Amino acid sequence: MNNLTTTTDKPSWYAIYTKPREEERADSNLRAWGCKTLLPKIKEQRRRESNSKAKVKHLFPRYIFANFNCETSLHKVNYTRGVCGVVRFGDKPCPIDDIIIETIQSQIGQEGFIKLEENFCNGDLVKIEDGPFKSLHGTVEREMTDSDRLVVLLSSVSYQGRLMIEKALVRKI
């Protein structure tokens, strides 16, 4: 964290606590004030029967990041629609190191979402979380070239076979 007692004219990054489900509103309003913002999102794959749906979620629910000069803009930021307040340590807003913001930004893919792919290796034990093979266990044989699917060796008392399955349906055990 940056030194909290230093006053500077240089803008810093701060975590902004938002009102419930108003991250988008706070982000838009802060940008209208001229603040740079970061609202990291993830796409969560959901599989229900034959429908494959992706749900967009915020990486940090009720939090966004904003870059502004605390000395001149704190009051304006605190009273922006959708904002509850700037995260503080004691009675002073707590700046966030640029490297943390850069690290988060580096994880954002071309579609604008944070990449949270679970890495699977050959031999990993997995459990199928959804779909027609739900609750079955298996072993990862290999990752497919499209990188969204795996080949899993299923085995039970009376059956052994290979299954090509989407990564979103599988969790390591």
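A residue counts as buried when its relative accessible area is under 20%, as exposed when that value is over 50%, and as partly exposed in between. With that in hand, here is what turned up in this predicted model. The protein chain has three helices and 14 strands, and buried residues make up 33% of its 173 residues. Its accessible surface comes to about 11400 Å², with carbon and sulfur atoms supplying 49% of that. Take the contacts between residues at least 6 apart in sequence: 56% of them join residues at least 24 apart.

Helix H2 (70-78) is a good place to start. Its buried residues are Cys-70, Ser-73, Leu-74, Val-77 and Asn-78. Looking down the axis of H2, these buried residues fall within an arc of 135 degrees, so they line one face of the helix. A general point helps here: an α-helix has 3.6 residues a turn, so residues three or four places apart point the same way. On the other side of H2, Thr-72 and His-75 are exposed. What do the buried residues of H2 pack against? The list runs to E1, H1, E5, E6, strand E7 (88-89) and E8. At the start of H2, the backbone nitrogen of Glu-71 has a side-chain oxygen of Asn-69 within 2.8 Å.

Val-77, one of the buried residues of H2, also belongs to the largest nonpolar core, which has 14 residues. Along with Val-77, the residues with the most contacts inside this core are Tyr-14, Ile-16, Leu-30, Ile-64, Phe-68 and Val-86. The elements giving two or more residues to the core are E1, helix H1 (23-32), E5, H2 and strand E6 (83-86). Leaving out residues up to four places away in sequence, Val-77 touches Ile-16, Leu-30, Cys-35, Phe-68, Val-83 and Val-86. Apart from this core lies another one, of 11 residues, and Val-152, Leu-163, Ile-165 and Leu-169 are among them. In soluble globular proteins, nonpolar side chains tend to be buried together.

Next come the aromatic rings, which form three pairs in the structure. In one pair, the ring centres of Tyr-14 and Phe-68 are 4.7 Å apart and the planes sit at 35 degrees, so the pair is tilted. Tyr-14 lies in strand E1 (residues 12-18) and Phe-68 in strand E5 (residues 63-68), so the pair ties together parts that are 54 residues apart in sequence. Are these two residues buried or exposed? Tyr-14 is buried, at 6% relative accessible area, and Phe-68 is buried too, at 4%. Tyr-17 and Tyr-63 make another tilted pair, with 5.1 Å from centre to centre and 45 degrees between the planes. This pair also links distant parts of the chain, as Tyr-17 is in E1 and Tyr-63 in E5, 46 residues apart. Here, though, both partners are partly exposed: Tyr-17 has 29% relative accessibility and Tyr-63 has 33%.

Two more buried residues round out the picture. Asn-67 is in strand E5 and, at 11% relative accessibility, falls under the 20% cut-off, so Asn-67 is buried. Setting aside neighbours within four places in sequence, Asn-67 is in contact with Pro-11, Ser-12, Trp-13, Cys-35 and Lys-36. Pro-93 is found in strand E8 (residues 92-93) and counts as buried at 12% relative accessibility. Pro-93 and Ile-16 are 77 residues apart along the chain, and their C-alpha atoms are separated by 9.7 Å.

Definitions and conventions. Residues are numbered from 1 along each chain as its sequence is written. This is a predicted model: local features need pLDDT of at least 70, side-chain atom pairs count only at pLDDT 80 or more; totals for chains, interfaces and linings use all residues. Side-chain values use heavy atoms; hydrogens and water are left out. Rings of Phe, Tyr and Trp (its six-membered ring) pair if their centres lie within 6.5 Å; planes under 30 degrees apart count as stacked, over 60 as edge-to-face and the rest as tilted. Helices (H or I, at least four residues) and strands (E, at least two) are DSSP runs, numbered from the N terminus. Buried means under 20% relative accessible area, exposed over 50%, partly exposed in between (1.4 Å probe, protein chains only). A nonpolar core is a set of buried Ala, Val, Leu, Ile, Met, Phe, Trp, Tyr and Cys residues joined through side-chain atoms within 4.5 Å. Contact means heavy atoms within 4.5 Å. Accessible areas come from the Shrake-Rupley method with a 1.4 Å probe; for residues, only the protein chains shown count as cover. The arc is that of the directions from the helix axis to the C-beta atoms. A polar contact is a pair of N or O atoms within 3.5 Å; within protein, one must be able to donate a hydrogen and the other to accept it, and residues adjacent in sequence count only if both atoms are side-chain atoms.
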